[in-house]
Amino acid sequence: MALRPYMEGLYQKHTDDLVGCAEFVALESGQVSRAGYDRFLENVIRTHLKSPQLLAFLFALAPPRAAERLRHNMLEELGLDQESGASHPSLLRVLATEAGLGSVLTQLEAGAAQDLKKMVEEPLLFGTLKEVGFSALVEICAFEFMLSRVAGRMARALAAHRGLSARAIEWFTHHSEVDVGHAEQGFENLDAYADYYSLAEEDARTLAGMALRDNVFIKRYFGELPLARARSLL
Amino acid sequence: MKLTSATVHALQLPFVEAFRHSASERTFSDSVIVCLRDDAGQEGFGEGVPRPYVTGETQDVVLDHLARNLLPPLLGRDLADIDALEDADRMIPSVAISGTRSDNASRCAVELALLDLSFKRQTASLAKVLPATSSRVRYSGVITSGSHEKALATARQMRVVGFRHIKVKVGYPDDVERMTALRALFGPNVSMRVDANGAWTEHRALEVLSSLAPLNIEVAEQPLPHGDLDAWARLKSKSPIPLMADESLVTIEDARHLIDKNATDFFNLRISKNGGLARTVALARLGRAHGIRLQIGAQVGETAILSAAGRHLAAYLDGVEFVEGSYGSLLLTEDVTREQVRFGHKGEAGLLTAPGLGITVLEERLRKYATRSIEVKA
């Protein structure tokens with residue numbers, strides 16, 4: 001299966017919508033209050049704190065062709081890969097502490113745990129785990145694609161306008177580098193997954209469209225109301 | 001226990017994407033939520049969804065009617081434990097609003113709040129007065145209007161979810177081609193029906209319904225505009241597909257007229273449109289007594305509050321053929337309850353068993369999406 005052209009178009013559109021939304025433009029141009037930058041940081045931290053667990057879920061379902069790549073990603077997230085250094089959640093905790101958000105870190109951890117719990121408790125729309133796993137893979141690859149292209153811009157904006165140190169923004173700079181490779185591998189993983197589990201191309205595209213009906217980047221990083229305004233729904 | 005205060009919220013809760021049919025396009029929910037409180041601090045929540053082209057109520061009209069007419073007489077009154085569904089409806093004053101067909105959305109919001117509050121206080125489920133006759137509810141997928149390609153894309157999503165019942169919004173020049181393509185996509189084993197939202201003339205309705213007959217369409221909802229029941233009766237006598245009254249069925253008088261004229265095969269019951277649970281059950285009983293078949297419909301953009309009430313009703317009424325609603329976060333960018341009330345695979349959902357309506361409304365969500373909130377005190 002060759003899902004890449006379709007998926008790349010979908011991911012690029014969502015990424016373009018993110019960088020074009022009013023909140024991102026303001027973030028990059030320094031037109032946001034300190035509280036606004038802090039809300040953005042809190043949302044990023046809450047969104048990604050549980051990434052290792054989501055990657056572990058994907059690893060559990062991984063087809064042979066993608067298993068090694070997904071195992072590597074998971075170990076890297078956990079800081080257990082030989083070259084990876086600190087775990088990604090620990091980089092997010094450093095970000096919180098360095099940004100003066102240490103006092104809300106417990107609350108963010110609880111929020112991230114709650115988000116994961118909600119995801120697990122929601123009624124499943126699909127009949128088997130193969131559709132659930134494909135939808136999760138689509139979303140995780142979407143973030144890797146977007147971060148490989150936008151995390152560096154976020155890091156520069158946070159350094160310039162929020163005064164964060166290089167140590168503080170390491171989560172962003174790290175993702176602007178490693179996710180270039182992850183994003184490329186992501187397309188291969190999607191094809192491998194769809195092939196292994198015999199997902200028809202039309203169904204794979206349909207599932208991808210359902211997983212990304214919302215712009216998950218704007219929704220998670222800025223909230224539901226900015227997303228609705230960006231989509232002219234309000 | 002005395003009812004002490006109420007808050008009314010006018011919501012503007014954005015959809016995930018626009019919802020279109022021949023009579024309207026919506027991009028956000030404009031529900032009105034009532035929160036009633038008693039002197040023990042217990043809260044009950046209700047919802048009404050005003051539709052100017054159905055009951056004549058707008059969001060402003062409902063807000064004003066609730067704050068001036070329906071809620072003040074309740075505040076300061078004792079709320080005895082409700083043990084019959086009709087008790088809450090009887091407590092609500094009957095006050096006509098000029099220029100509207102009915103105040104059903106307003107009444108619904110108050111009735112549900114009274115029921116939720118009373119049964120929460122009794123630590124009992126609403127199922128105490130609406131005992132379930134089935135353990136699961138099977139919802140329909142709804143394909144809105146839009147381009148032919150968009151309809152097919154939505155249909156593919158519904159096929160992946162595994163819906164067994166599909167409703168398609170029609171009322172466009174390509175109705176027959178669209179339905180032919182959708183039948184081919186779903187195959188012969190999925191039940192399909194159409195909803196014209198009153199967009200057809202009598203001539204056009206008969207023309208389209210005759211063309212659709214080979215596609216095994218179960219029922220055509222609101223084929224003609226509200227009003228001319230003689231035209232409905234003529235169409236019913238000639239149509240190869242059964243008819244369903246929706247916008248034409250708001251009050252019990254509407255139901256009697258439809259029955260007297262032999263103008264419809266189905267009633268589409270919607271709790272907000274029909275003035276709350278007690279009045280909706282009364283319509284169902286009247287229809288049943290005259291051989292009318294039933295669908296439980298929903299309001300586009302309803303929150304989990306109305307969806308929960310719809311779940312109880314659908315589980316209670318025996319032999320309902322189609323059920324709609326409970327889209328939750330599939331349509332709303334965020335719902336207003338802690339629990340996810342929406343259906344799952346195949347459009348199926350289980351019963352709600354927690355006290356009251358069985359949901360936990362998050363007031364911070366109501367405040368997040370409220371464009372106006374009015375406090376009403378005794």
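In what order do the four strands of the open sheet in chain B stand? Here are my notes, and please keep in mind that this is a predicted model.

1. **The sheet in chain B.** The order is E5-E4-E1-E16, and the strands pair in an antiparallel way. Look at the two ends: E5 (43-48) and E16 (370-377) of chain B are the edge strands, and each has a single partner, so one side of each has no neighbour in the sheet. On average, neighbouring strands here are turned by 15° against each other, if you ignore direction.

2. **One strand pair up close.** Now pick out strand E1 (residues 3-11) of chain B. E1 and E16(B) pair in the antiparallel sense, with seven bridges. If you want a spot to zoom in on, try B:Ala10, which sits opposite B:Arg372 in E16(B).

3. **A helix across the sheet.** Helix H3 of chain B, residues 104-121, lies across two strands of that chain, E4 (32-38) and E5. Its direction is at about 155° to E5(B).

4. **Two helices crossing in chain A.** Swing over to helix H4 (residues 51-61) and helix H8 (residues 129-162) of chain A, whose axes come within 10 Å and cross at roughly 135°. That angle is neither over 145 nor in the range 65 to 115, so H4(A) and H8(A) count as oblique to each other. The crossing is left-handed. On the H4(A) side, the contact is made by A:Leu54, A:Phe57, A:Leu58 and A:Leu61, while H8(A) brings A:Leu129, A:Gly133, A:Ala136, A:Leu137 and A:Ile140. Sorted by class, that makes eight nonpolar residues, one polar and no charged.

5. **Where the chains meet.** The contact between the chains takes 21 residues from chain A and 22 residues from chain B. On the chain A side, the elements giving two or more residues are helix H10 (201-211) and helix H12 (224-230). H10(A) gives the most, with six residues. This side of chain A has ten nonpolar, three polar and eight charged residues.

6. **Two residues with positive phi.** Check B:Gln222, in the loop between strand E10 (217-221) and helix H7 (229-238) of chain B. Its phi is near 40°, a positive value in a residue that isn't glycine. B:Ser326 also has a positive phi, near 60°, and lies in the loop between strand E14 (322-323) and strand E15 (348-350) of chain B. Are these two buried or exposed? The cut-off for buried is 20 or more C-beta neighbours within 10 Å. B:Gln222 has 26, so it counts as buried; B:Ser326 has 27, so B:Ser326 is buried too.

Definitions and conventions. Residues are numbered from 1 along each chain as its sequence is written. Chains are lettered from A and ligands numbered from 1 in the order in which they are written. This is a predicted model: local features need pLDDT of at least 70, side-chain atom pairs count only at pLDDT 80 or more; totals for chains, interfaces and linings use all residues. Two residues are in contact if their C-beta atoms, placed from the backbone, lie within 7 Å. Ala, Val, Leu, Ile, Met, Phe, Trp, Tyr, Cys and Pro count as nonpolar, Asp, Glu, Lys and Arg as charged, and the others, Gly among them, as polar. Two strands pair if DSSP finds at least two bridges between them. Axes are lines fitted to C-alpha atoms, for helices over the stretch in contact, and angles run from 0 to 180 degrees between N-to-C directions. Angles under 35 degrees count as roughly parallel, over 145 as roughly antiparallel, 65 to 115 as roughly perpendicular and the rest as oblique. A crossing is left-handed if the near helix is turned anticlockwise from the far one by less than a right angle, and right-handed if clockwise. A residue is buried if 20 or more other C-beta atoms lie within 10 Å of its own, exposed if 12 or fewer, and partly exposed in between; C-beta atoms are placed from the backbone.
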